[in-house]
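The following exercises are to be worked with the sequence and the coordinates at hand. Each task is followed by a solution in steps.

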Amino acid sequence: MRETALLGRDVAANDAREDYLRARLEERVDGALMATPVNHQDSSLLGNLAAARALVIRAPFAPAALAGSACDILRLPG
């Protein structure tokens, strides 16, 4: 189920595919969710996937997004 969170860092514009960025997830003191994409998203980096608690969903051709802006996420079990 998709949820809304705030980006923990800036992300670049997206290409023609929908992307799912591995991210750390934390709840701020004010109750807002903060999703911080890990630095290296290469599919061979299984340690980053194991540490991730959410996927940030980036629509095709999404423009660059700044830290603190809203994003869609999928929580990962763990």
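## Exercise 1. Surroundings of Glu26

Task: in this predicted model, determine which residues Glu26 touches, leaving out residues up to four places away in sequence.

Solution. With a contact cut-off of heavy atoms within 4.5 Å, Glu26 touches Ala32, Leu33 and Met34. The next step is to place Glu26 itself, which lies in strand 2. Strand 2 comprises residues 19-27, and Leu33 and Met34 are on opposite sides of strand 3. Finally, a separation along the chain may be added: His40 is 14 residues from Glu26, and the C-alpha atoms of the two are separated by 19 Å.

## Exercise 2. Strand pairing

Task: establish in what order the five strands close into a barrel.

Solution. Begin with strand 1 (residues 2-7), which runs parallel to strand 3 and is joined to it by two bridges. Within this pair, Leu6 stands opposite Met34. Proceed to strand 3 and strand 2, an antiparallel pair with five bridges. These two strands form a hairpin with five residues between them, and Gly31 in the turn has a positive phi of about 95 degrees. Strand 2 also pairs with strand 4 (residues 54-58), again in the antiparallel sense and over five bridges. Ala23 illustrates both pairings of strand 2: its bridge partner in strand 3 is Pro37, while in strand 4 Ala54 stands opposite Ala23. The complete order is 1-3-2-4-5, with mixed pairing. From one strand to the next, the twist averages 55 degrees.

## Exercise 3. Burial of strand 3

Task: decide whether the residues on the two sides of strand 3 are buried or exposed.

Solution. In a regular strand the side chains alternate between the two faces of the sheet. Applied here, one side holds Leu33, Ala35 and Pro37, and the other holds Met34 and Thr36. The criterion for a buried residue is under 20% relative accessible area. Both sides are covered, and all of these residues are buried. The count for strand 3 (residues 33-37) is accordingly five of five.

## Exercise 4. The nonpolar core

Task: identify which strands supply at least two residues each of the largest nonpolar core.

Solution. The largest nonpolar core has twelve residues, including Ala5, Leu21, Ala23, Leu33, Ala35, Ala54, Val56, Cys71 and Ile73. Strands 1, 2, 3, 4 and 5 (70-75) each supply at least two residues of this core. Ala5 may serve as a check on the contacts: among the residues touched by Ala5 are Leu33, Ala35, Cys71 and Ile73, which are also members of the core.

Key. Residues numbered from 1 in each chain as written. Predicted model: local features only at pLDDT ≥ 70, side-chain atom pairs only at ≥ 80, totals over all residues. Heavy atoms only, no water. Pairing = 2+ DSSP bridges. Helix = DSSP H or I, 4+ residues; strand = E, 2+ residues; numbered from the N terminus. Axes fitted to C-alpha atoms, helices over the stretch in contact; angles between N-to-C directions. Buried < 20%, exposed > 50% of the residue type's maximum accessible area, 1.4 Å probe, protein only. Core = buried A, V, L, I, M, F, W, Y, C linked by side-chain atoms within 4.5 Å.
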